[in-house]
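Me: I am new to this structure and would like a close look at a single part of it, the empty spaces and the residues around them. Please take me through that part slowly, and then set it against the rest of the chain.

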Amino acid sequence: MTAASTPKGERRRHLLVVAAAELLTEGGFAAVRHRAVAERAGLPLASTTYYFDSLDELIGAAVRYEAEGELAEGRRRLELLSEQPHGTEDVIELILDLLLGTASRQGGTESVLLRYERLVGSPRRPGLAELMRELAARLHDLLGEILTRSGMEISRERMFELIALVDGAVVNALIESDPDPRGAARRMLRAQLL
């Protein structure tokens with residue numbers, strides 16, 4: 001048994017992952033540095049290289065942690081939607097939360113811009129592209145289940161078209177310096193689903 005596999009080691013590793021996920025959300029890939037992660041976690045600098053072989057491995061763990069949390073929250077909200085009456089607007093907001101992140105609810109471009117930078121930049125990081133494909137497949141499965149259980153029987157191809165419409169609306173809003181890219185995506189989804 002190594003120190004990394006002890007309960008204390010697992011707690012420290014988890015603290016580093018959470019810290020890296022927070023930094024990633026707040027500042028993108030550039031914000032995730034060994035020193036910044038260790039300081040955020042309240043651990044010695046050497047702990048980042050003790051528990052992770054590379055910065056990319058730590059970033060991958062942070063991406064997985066964040067995505068797992070979002071998927072779990074999306075599934076929880078799906079169950080709530082299934083248990084009580086809801087409208088298309090509730091479904092649209094859940095879809096937007098899953099595609100753009102819950103921080104996008106506050107408006108502004110920063111959280112959405114950082115999320116899209118991460119999505120577009122992930123293929124440049126060894127090992128992260130495969131993880132992003134795996135997580136995207138799970139997200140697509142959840143989105144399909146949300147639409148189906150909400151009475152919107154659409155094909156998988158149509159679901160991908162809706163995702164592409166949201167992505168296009170968001171990217172265009174970012175290019176145009178629209179202060180509410182989520183609002184642009186919401187309008188696009190409403191036009192397609194209502």
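Reply: By class, the residues that line the second largest pocket comprise 6 nonpolar, 5 polar and 7 charged ones. This pocket belongs to a predicted model, and its space comes to about 230 Å³. Its lining is made of 18 residues, and those closest to its centre are E70, G101, T102, A103 and R115. Helices α1 (7-27), α4, α5 and α6 are the elements that each give two or more residues to this lining, with α4 giving the most, 5 residues.

One of the residues just named, R115, leads on to another opening, since R115 is also listed, together with L119, M132, A136 and L139, among the residues nearest the centre of the largest pocket. That pocket has a volume of about 510 Å³, and 21 residues line it. The elements that supply two or more residues to the lining of the largest pocket are α4, α5, α6, α7 and α8, and the largest share, 6 residues, is that of α7. Sorted by class, the lining of the largest pocket holds 13 nonpolar, 2 polar and 6 charged residues.

Besides the pockets there is enclosed space to consider. As a general point, rolling a probe the size of a water molecule over the atoms shows where empty space is left. In this structure there is 1 cavity of 30 Å³ or more, and the largest cavity has a volume of about 60 Å³. The lining of this cavity is formed by I95, L99, L143, L147, M159, L162, I163, V166, L189 and L193. Two or more residues of that lining come from each of α5, α7, α8 and α9, and α8 provides the largest share, with 4 residues. The division by class is 10 nonpolar, no polar and no charged residues in the lining of the largest cavity.

Several names from the cavity lining return when one turns to the packing of nonpolar side chains. The largest nonpolar core has 28 residues, and L99, L100, L143, I146, V166, V170 and L189 are those with the most contacts inside it. The elements that contribute two or more residues to this core are α4 (55-83), α5 (88-100), α6 (110-121), α7 (128-149), α8 (156-175) and α9 (181-193), and the largest share of the core, 8 residues, comes from α5. Apart from this core lies another one, of 25 residues, which includes L23, L24, A41 and L128.

L100 shows how one member of the largest core is placed among residues from elsewhere in the chain. When neighbours within four places in sequence are set aside, L100 is in contact with R115, Y116, V166, V170, R182 and A185. R115, which lies among the residues closest to the centre of the second largest pocket, is therefore a contact of L100 as well, with contact taken as heavy atoms within 4.5 Å.

H140 offers a view from helix α7, where this residue lies. At 17% relative accessibility H140 counts as buried, because the limit for that word is under 20%. Its contacts, leaving out neighbours within four places in sequence, are R156, M159, F160 and I163, and both M159 and I163 are also found in the lining of the largest cavity.

For the wider setting, the domain assignment of the protein gives domain 1 (1-52) and domain 2 (63-193). The centres of the two domains, taken over C-alpha atoms, are separated by 27 Å, and the contact takes 10 residues from domain 1 and 10 residues from domain 2.

H34 is found in helix α2 (residues 34-41). With a relative accessible area of 25%, H34 is partly exposed, because this value falls between the 20% limit for buried and the 50% limit for exposed. Beyond its neighbours within four places in sequence, H34 is in contact with L45, T48, T49 and L55. H34 and D178 are 144 residues apart in sequence, and their C-alpha atoms are 34 Å apart in space.

A last stop is S177, in the loop between α8 and α9. S177 has a relative accessible area of 59% and so is exposed, the limit for that word being over 50%. In general, most residues other than glycine have a negative phi. The phi of S177, however, is near 60°, a positive value in a residue other than glycine.

Methods. Residues numbered from 1 in each chain as written. Predicted model: local features only at pLDDT ≥ 70, side-chain atom pairs only at ≥ 80, totals over all residues. Heavy atoms only, no water. Core = buried A, V, L, I, M, F, W, Y, C linked by side-chain atoms within 4.5 Å. Buried < 20%, exposed > 50% of the residue type's maximum accessible area, 1.4 Å probe, protein only. 1 Å grid on protein atoms, 1.4 Å probe; cavity = no way out; pocket = protein on both sides within 12 Å on 5 of 7 lines; lining within 4 Å. Points joined across faces, edges and corners; volume = space filled by probe spheres on them. Nonpolar A, V, L, I, M, F, W, Y, C, P; charged D, E, K, R; others polar. Domains from an automatic or database assignment.
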